[in-house]
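Visitor: I'd like to walk through the side-chain contacts in this one. Could you put the model up?

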Amino acid sequence: TEEPTTVSFDDINETDWFYENVKYVVENKLMNGVSDTEFAPNNTLTRAMLVTVLYRNAGEPEVTEAASFADVDADSWYANAVVWAEANGIVNGVSDTEFAPNANITREQIATIMYRYAQYNGDDVTAVADIEAYADAANVSDYAVDAMKYAVGSGLINGKTETTLNPQDNATRAEIATILKRFIEANAEVEEVVEETTEEVVEETTEETTEEVVEETTEETAE
């Protein structure tokens, strides 16, 4: 039996608002510390980091192609993740030839990537919010509007304040840990409900079929 990963970083305390979220992603091997002693919760997240986390969550599917971007080295730690994410329509490059793996990722970019990842998973993306209620809704880029509506509506992303979304702000490692935990747990709950419903339907159908067979056999015997 594999030993569970423990969370014991010098810069993470149990009183931190993000403690349980960081604990979750570390224990589930979705994120690592930046060193053996530091998680760096307030450091910004890069594009390479996010696709790698999602790639891990997807079970690290095998990739056979090389990255199409000139700035993604085949030997880099994120190469397979970028190839997988691009092939499945989860990410695009910042241009036809560049992915910008080390660029900081913004809140609206995270919303967009999580939205596409949910679609890739076949998850329900119908929950939407009216983001026009936020004073800075106009700052959401056109390409990210639907994704941000989904992210807010599904509870993945909250406003930075009650009245602002701050879509262009860079996201931190603690924030993505929080978003990931919410995403995985929410969709796990949906899957559980679907499984329970399916089991109930199968059981009910089986009972009805059995009753019909018994009834038909009884009638034939009587005849």
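What follows is a short round of questions and answers on charged and aromatic contacts.

Guide: A quick note before we start: this is a predicted model, where local features need pLDDT of at least 70, side-chain atom pairs count only at pLDDT 80 or more, and totals for chains, interfaces and linings use all residues. Residues are numbered from 1 along each chain as its sequence is written, and side-chain values use heavy atoms, with hydrogens and water left out.

Visitor: How many salt bridges does the structure hold?

Guide: We call it a salt bridge when a side-chain nitrogen of Lys or Arg is within 4 Å of a carboxyl oxygen of Asp or Glu. By that rule, the number of salt bridges in the structure is 3.

Visitor: Which residue does E27 meet in a salt bridge?

Guide: Look in helix α1, residues 19–27 (helices are DSSP runs of H or I, at least four residues, and strands are runs of E, at least two, numbered from the N terminus). The partner lies in that helix too, 4 residues from E27, about one turn of the helix. An α-helix has 3.6 residues a turn, so residues three or four places apart point the same way. The N to O distance is 3.0 Å, and the partner is K23.

Visitor: Are E27 and K23 buried or exposed, or in between?

Guide: Buried means under 20% relative accessible area, exposed over 50%, and partly exposed in between, with a 1.4 Å probe and protein chains only. E27 comes out at 35% and K23 at 26%. Because both values fall in the middle band, E27 and K23 are partly exposed.

Visitor: What separation in sequence does the K160 and E175 pair bridge?

Guide: Their side chains meet in a salt bridge at 3.1 Å, N to O. K160 lies in the loop between α5 (145–153) and α6 (173–222), while E175 is in helix α6, so the pair ties together parts whose separation in sequence is 15 residues.

Visitor: And which residue forms a salt bridge with K181?

Guide: Stay in helix α6, where the two partners are 4 residues apart, about one helical turn. K181 counts as buried at 17%, whereas its partner is partly exposed at 32%. The closest N and O atoms are 3.3 Å apart, and the partner is E185.

Visitor: On to the rings: how many aromatic pairs are there?

Guide: Rings of Phe, Tyr and Trp (its six-membered ring) pair if their centres lie within 6.5 Å; planes under 30 degrees apart count as stacked, over 60 as edge-to-face and the rest as tilted. Searching the whole structure gives a number of aromatic pairs equal to 10.

Visitor: What kind of pair do W77 and Y78 make?

Guide: The ring centres are 5.0 Å apart and the planes stand at 85°, so the pair is edge-to-face.
W77 is exposed at 56%, but Y78 is buried at 8%. Because the angle between the planes is 85°, the name for this pair is edge-to-face.

Visitor: Which helix holds Y120, the partner of W84?

Guide: W84 and Y120 are edge-to-face, 5.5 Å centre to centre with 85° between the planes. W84 lies in helix α3 (residues 79–87), and the pair ties together parts 36 residues apart in sequence, Y120 being in helix α4.

Visitor: Last one: which ring does R47 lie over?

Guide: A charge sits over a ring if NZ of Lys or CZ of Arg is within 6 Å of the ring centre and within 35 degrees of the ring normal. R173 does this with F39, at 4.4 Å from the centre. R47 is 4.4 Å from the centre of its ring, which belongs to F99.
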